[in-house]
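Dear colleague,

I am handing over the structure below, and I would be glad if you could look through it before reading my notes.

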Amino acid sequence: MELKKGSVVYTLAGHDKRTFQVVLDFNDKYALICDGKYRKLEKPKKKNLIHLKITNTVLKDTDIKSNRAVRLALKPFDRALDTK
């Protein structure tokens, strides 16, 4: 799987461990991620790529236009965790 802008990732380490986030930007070592609730678009988290697991889902640009849109786009992922 390849990391892209809008990719949904699962965090493996840190205070935000076991949460789904969306990638806003990245380079060869770090990614800027947000979830729209605790980490807003205005202040994304800089996260090491080794602490992220990439999913097969890539959100459209319209799903990343606001914090509310990001929360709504990530909601199905959080619900999937609750059922496990």
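What follows is a short account of the pocket, the nonpolar cores, the salt bridge and one buried cysteine.

Please keep in mind throughout that this is a predicted model.

I begin with the largest pocket, which holds about 220 Å³ of space. Its lining is made up of 12 residues, and those that lie nearest the centre are Phe-20, Asp-35, Lys-37, Leu-74 and Asp-78. Helix α1, which covers residues 67–83, provides the largest share of that lining, with 6 residues. When the lining residues are sorted by character, 7 are charged, 4 are nonpolar and 1 is polar.

Turning to the interior, the largest nonpolar core has 13 residues, and Val-22, Ile-64 and Val-70 are those with the most contacts inside it. Two or more residues of this core come from each of β1 (7–11), β2 (20–26) and α1, and the largest share, 4 residues, is that of α1. Another core, lying apart from this one, has 6 residues, including Val-9, Val-23, Ala-31 and Ile-33. As general background, nonpolar side chains in soluble globular proteins tend to be buried together.

For Val-70, if neighbours within four places in sequence are left aside, the residues in contact are Val-22, Cys-34, Asp-35, Gly-36, Leu-41, Asp-63 and Ile-64.

One of those partners, Cys-34, deserves a paragraph of its own. Cys-34 sits in strand β3, residues 30–34, and its relative accessible area is 0%, so this residue counts as buried, the cut-off being under 20%. Setting aside residues up to four places away in sequence, Cys-34 touches Gln-21, Val-22, Leu-24, Arg-39, Lys-40, Leu-41, Val-70 and Leu-74. Between Cys-34 and Phe-20, which are 14 residues apart in sequence, the C-alpha to C-alpha separation is 8.9 Å.

Finally, which charged side chains meet in a salt bridge? They are those of Lys-47 and Asp-16, with 2.8 Å from N to O, and a search of the whole structure finds 1 salt bridge. Because Lys-47 lies in strand β4 (residues 45–48) while Asp-16 lies in the loop between β1 and β2, the pair ties together parts that are 31 residues apart in sequence. Both Lys-47 and Asp-16 are buried.

With best regards

Note on methods
Residues numbered from 1 in each chain as written. Predicted model: local features only at pLDDT ≥ 70, side-chain atom pairs only at ≥ 80, totals over all residues. Heavy atoms only, no water. 1 Å grid on protein atoms, 1.4 Å probe; cavity = no way out; pocket = protein on both sides within 12 Å on 5 of 7 lines; lining within 4 Å. Points joined across faces, edges and corners; volume = space filled by probe spheres on them. Nonpolar A, V, L, I, M, F, W, Y, C, P; charged D, E, K, R; others polar. Core = buried A, V, L, I, M, F, W, Y, C linked by side-chain atoms within 4.5 Å. Buried < 20%, exposed > 50% of the residue type's maximum accessible area, 1.4 Å probe, protein only. Contact = heavy atoms within 4.5 Å. Salt bridge = Lys/Arg side-chain N within 4 Å of Asp/Glu carboxyl O.
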